[in-house]
Amino acid sequence: MAAVDGLQFQEFDDAENLLGANRDATTISIGDPNEKPTNQRRSLGNSPREEDDDLLGNADSDKTELLAGQRKSAAFWTFEYYQKFFDVDTYQVLDRIKGSVLPLPGKNFVRLYIRSNPDLYGPFWICATLVFAIAISGNISNFLVHLGQPQYHYMPEFRKVTIAATAIYSYAWLVPLALWGFLMWRNSKVMNIVSYSFLEIVCVYGYSLFIYIPAAILWIIPIEWVRWITILVAMCLSGSVLVITFWPAVRDDNRRIAIATISAIIILHALLAVGCKAYFFDAPQIEVPGVSGSIASGNRTVTAVKTH
């Protein structure tokens, strides 16, 4: 046995001496001829279709979810369970806000900004800010509309905060819940459709509402055409984020179902904007004692009743 080992070491020494004598010599590596290199396939650029497939689900994402599932998760009634949903820094939030205000055609919002770390911090505070922006702007708008009228006495309408909160948070949670359930149902019917997670859908809807915050501030201006222009601009920008995000998830479904789904998303989004404008920024009717009839001025109507 010792003799065999000595012979092998002698052969290695001879080979090393030969390579040292001729460093320009060519070496040949003998491997499995059936083995295919994987780097060549990775070097090729992915087509847009492959990027969407990677977005909606692939082996790497499945492996990540499997590894995440192996971690010990806290109970849902503890703060530790919800802490991971708010684990996001300021730069990520600002980057996602910028992406929601300036959507790029063909660039999916989930893949670019959300999938790595979906959060609830941004959507929660965006909705809260929008609630107070609409309620406060609505009160200021009502005050400016009736400014200078002796029969008008300003009283802040705090109930607008409650109504705005109910409308905004219901839209930001119930619509994503319905959409998530629908995509899960279609996923069971059509095999090549992979749904987004509920947290990702909530995140997209929450960040898409940011553009309505500056729009609500501009609605203070008591000029109807200015208000409608800001509504249209805000709806186009935020609606583009939703369409670009959810179209890849439904386009492989039945054509009519896909178009109906996107149409429902756009209609609900438009109803929220138009409803908030109509309820919070249309001046209420006021009663003028001593006079009868209706007085129309600008964008408001004042109803007057004669007193005896």
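# Exercises on a predicted model

A search of the whole structure, which is a predicted model, turns up eight salt bridges. The exercises below begin with some of these pairs and then move on to the core and the surface.

## Exercise 1: A pair within one helix

Find where lysine 98 and aspartate 95 lie, and describe how their side chains meet.

*Solution.*
- Step 1. Locate the pair: both lysine 98 and aspartate 95 belong to helix H6, three residues apart, which is about one turn of the helix.
- Step 2. Look at the side chains: they form a salt bridge, with 3.8 Å from N to O.
- Step 3. Check the exposure of aspartate 95: its relative accessibility is 32%, so aspartate 95 counts as partly exposed.

## Exercise 2: A pair from separate parts

Work out which parts of the chain are tied together by arginine 186 and aspartate 253.

*Solution.*
- Step 1. Start with the contact itself: the two side chains meet in a salt bridge of 2.6 Å, N to O.
- Step 2. Place each partner: arginine 186 is in helix H9, while aspartate 253 sits in the loop between H12 and H13, so the salt bridge ties together parts that lie 67 residues apart in sequence.
- Step 3. Decide whether the partners are buried or exposed. Buried means under 20% relative accessible area. Arginine 186 has 10%, so it is buried, and aspartate 253, also at 10%, is buried.

## Exercise 3: A small network

Name the residues linked with Glu157 in a network of salt bridges, then look at one of the pairs.

*Solution.*
- Step 1. The network joins Glu157, Arg159 and Lys160.
- Step 2. Take glutamate 157 and lysine 160: their closest N and O atoms are 3.4 Å apart.
- Step 3. Compare with the 20% limit for buried residues. Glutamate 157 is at 17% and therefore counts as buried; lysine 160, at 5%, is buried too.

## Exercise 4: An arginine inside

Is arginine 96 buried or exposed, and which residues does arginine 96 contact beyond its sequence neighbours?

*Solution.*
- Step 1. Find arginine 96 in helix H6, which spans residues 90–101.
- Step 2. Read its accessibility: at 2%, arginine 96 counts as buried.
- Step 3. Leave aside neighbours within four places in sequence. Among the contacts of arginine 96 are Val88, Phe109, Asp119, Cys203 and Tyr207.

## Exercise 5: The nonpolar core

Which helix supplies the largest share of the largest nonpolar core?

*Solution.*
- Step 1. Size the core: it has 50 residues, and those with the most contacts inside it include Ile134, Ile168, Tyr207 and Phe246.
- Step 2. List the contributors: helices H6, H7, H8, H9, H10, H11, H12 and H13 each supply at least two residues.
- Step 3. Pick out the largest share: H12 gives eight residues to this core.
- Step 4. Zoom in on isoleucine 134: not counting residues up to four places away in sequence, it touches Ile168, Ala216, Cys276, Phe280 and Phe281.

## Exercise 6: A patch on the surface

Find the residues that make the nonpolar surface patch of about 640 Å².

*Solution.*
- Step 1. The patch is made by Phe132, Ile136, Ile140, Phe143, Leu144, Leu147 and Tyr154.
- Step 2. Choose one member, phenylalanine 143, which is found in helix H8.
- Step 3. With 33% relative accessibility, phenylalanine 143 counts as partly exposed.

## Exercise 7: The whole chain

Describe the protein chain by its helices and strands, its buried share and its contacts.

*Solution.*
- Step 1. The chain has 13 helices and three strands.
- Step 2. Of its 308 residues, 34% are buried.
- Step 3. Consider contacts between residues at least 6 apart in sequence: 70% of these join residues at least 24 apart.
- Step 4. The chain exposes about 19800 Å², and carbon and sulfur atoms supply 63% of that area.

Methods. Residues numbered from 1 in each chain as written. Predicted model: local features only at pLDDT ≥ 70, side-chain atom pairs only at ≥ 80, totals over all residues. Heavy atoms only, no water. Helix = DSSP H or I, 4+ residues; strand = E, 2+ residues; numbered from the N terminus. Buried < 20%, exposed > 50% of the residue type's maximum accessible area, 1.4 Å probe, protein only. Contact = heavy atoms within 4.5 Å. Core = buried A, V, L, I, M, F, W, Y, C linked by side-chain atoms within 4.5 Å. Patch = residues over 30% accessible without salt bridge, like charges linked within 9 Å, V, L, I, M, F, W, Y side chains within 5 Å. Areas by Shrake-Rupley, 256 points an atom, 1.4 Å probe, with all protein chains shown as cover. Salt bridge = Lys/Arg side-chain N within 4 Å of Asp/Glu carboxyl O.
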